[in-house]
Amino acid sequence: AGTSSKRGYCLNLDPATKLVPYAASIDIRDTVDYKEVMHQHNLGPNGAIMTSLNLFVTKFDQVMGILERRAFGEHGGGDGGGSGGDDGVPKRPDDGGSSETAETAVTAADAAPPPKKALDYILVDTPGQIEAFSWSASGTIISESMASAFPTVLAFVVDTPRCAASPHTFMSNMLYACSMSYRTRLPLVVVFNKTDVVPSSFAEEWMGDYDAFQEALDEVGSSSYASGDTEGSGYYASLTRSLGLVLDEFYSTLHRVGVSAATGDGVDAFWEAADRAAEDFREEYVEDLRDRLAE
């Protein structure tokens with residue numbers, strides 16, 4: 001089945017964004033006024049994002065109740081459209097719009113077979129500042145709450161043209177992905193975006209072939225030496241080579257896919273990768289959660 005036949009439910013958890021290119025069924029901006037949080041608490045942008053998430057997560061039990069009703073069709077819902085007010089989520093008087101973020105959590109809402117399956121997926125769009133979500137208490141509460149009710153998968157969105165410009169940028173992104181995976185213990189899909197600009201085949205080759213990545217580093221080192229730049233030589237290059245070897249085993253556990261948000265190319269492949277990662281969740285995460293509860 002194509003993407004258009006999927007029934008979804010979208011949440012926006014970025015309080016600072018101005019334009020959301022999709023219909024958010026639940027929107028944090030309807031509950032928390034980001035600019036007012038900055039003003040009242042005398043915070044900068046990142047501090048206000050984290051505080052807004054902390055305020056929102058105090059009511060996240062209500063959000064989970066809505067998601068479970070929608071996902072399992074207890075009240076015949078599941079169309080997932082519209083804006084956030086008619087589901088019982090606390091609202092502030094005015095709202096505004098949001099942009100695509102760098103990190104997106106995707107939850108496949110097809111856990112154990114429910115009596116009536118109303119949704120195919122729940123998409124949770126998190127703040128673009130990775131640390132504000134992945135390394136905050138509120139981010140942990142949200143991800144663990146979702147994982148306790150649905151097969152939950154992280155989707156880490158990578159800027160492919162930037163990685164093509166530098167193997168070091170590619171390695172920085174892979175370290176982010178590694179930290180997110182170990183922080184949450186959830187399956188991860190690496191989504192190489194903007195493939196309409198630069199195909200992602202080079203990155204997938206680097207992940208599957210350590211020697212190919214080393215050759216790319218050698219090329220950077222040669223050009224850097226010729227231009228007098230130190231990026232491709234010395235400690236920085238040595239560290240990147242070592243990290244490439246360390247992460248070689250980590251790559252084997254990752255699902256990856258190339259996508260163009262502009263053209264829609266690769267979106268069906270993304271959902272297929274998300275479904276495979278959801279199977280990993282059922283086979284590995286659930287057992288790990290049982291072990292942790294038993295301790």
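Let me begin with aspartate 288, which counts as partly exposed at 26% relative accessibility, in what is, I should say at once, a predicted model. This aspartate 288 forms a salt bridge with arginine 185, and the closest N and O atoms of the two are 3.4 Å apart. Because aspartate 288 lies in helix 12, residues 267-294, while arginine 185 sits in the loop between helix 7 (167-184) and strand 6, the pair ties together parts that are 103 residues apart in sequence. Arginine 185, for its part, also counts as partly exposed, at 45% relative accessibility.

How many salt bridges does the structure hold? It holds seven, and I would like to turn from the one at aspartate 288 to a group that shares a residue.

Asp159, Arg162 and Lys194 are linked in a network of salt bridges. In this network, the side chains of lysine 194 and aspartate 159 meet at 3.0 Å, N to O. That pair links distant parts of the chain, since lysine 194 is in the loop between strand 6 (188-193) and helix 8 (201-208), whereas aspartate 159 is in strand 5, residues 152-159, and the two are 35 residues apart. Aspartate 159 forms a salt bridge with arginine 162 as well, with the closest N and O atoms 3.6 Å apart.

Are these side chains buried or exposed? Arginine 162 is exposed, with a relative accessible area of 58%, while aspartate 159 is partly exposed at 22%, and lysine 194 is partly exposed too, at 35%.

Now to the charges on the surface, where Glu205, Asp209, Asp211, Glu215, Glu219, Asp248 and Glu249 form a negative patch. Which helix gives the most to this negative patch? Helix 9 does, with three residues, and aspartate 211 has its place in that helix. If you want to find the patch on the structure above, look at helix 9, which spans 210-227, and at helix 11, which spans 248-251, as each of them supplies at least two of the patch residues.

Finally, a word on the cysteines. A disulfide is a covalent bond between the sulfur atoms of two cysteines. A search of the whole structure finds zero disulfides. Two cysteines that you can look up for yourselves are cysteine 10, which is buried with a relative accessible area of 12%, and cysteine 163, which is buried with a relative accessible area of 0%. Both count as buried because the word is used here for a relative accessible area under 20%.

Notes. Residues numbered from 1 in each chain as written. Predicted model: local features only at pLDDT ≥ 70, side-chain atom pairs only at ≥ 80, totals over all residues. Heavy atoms only, no water. Patch = residues over 30% accessible without salt bridge, like charges linked within 9 Å, V, L, I, M, F, W, Y side chains within 5 Å. Areas by Shrake-Rupley, 256 points an atom, 1.4 Å probe, with all protein chains shown as cover. Salt bridge = Lys/Arg side-chain N within 4 Å of Asp/Glu carboxyl O. Lys, Arg positive; Asp, Glu negative; His and termini not counted. Charge placed at Lys NZ, Arg CZ, Asp CG, Glu CD. Helix = DSSP H or I, 4+ residues; strand = E, 2+ residues; numbered from the N terminus. Disulfide = S-S within 2.5 Å. Buried < 20%, exposed > 50% of the residue type's maximum accessible area, 1.4 Å probe, protein only.
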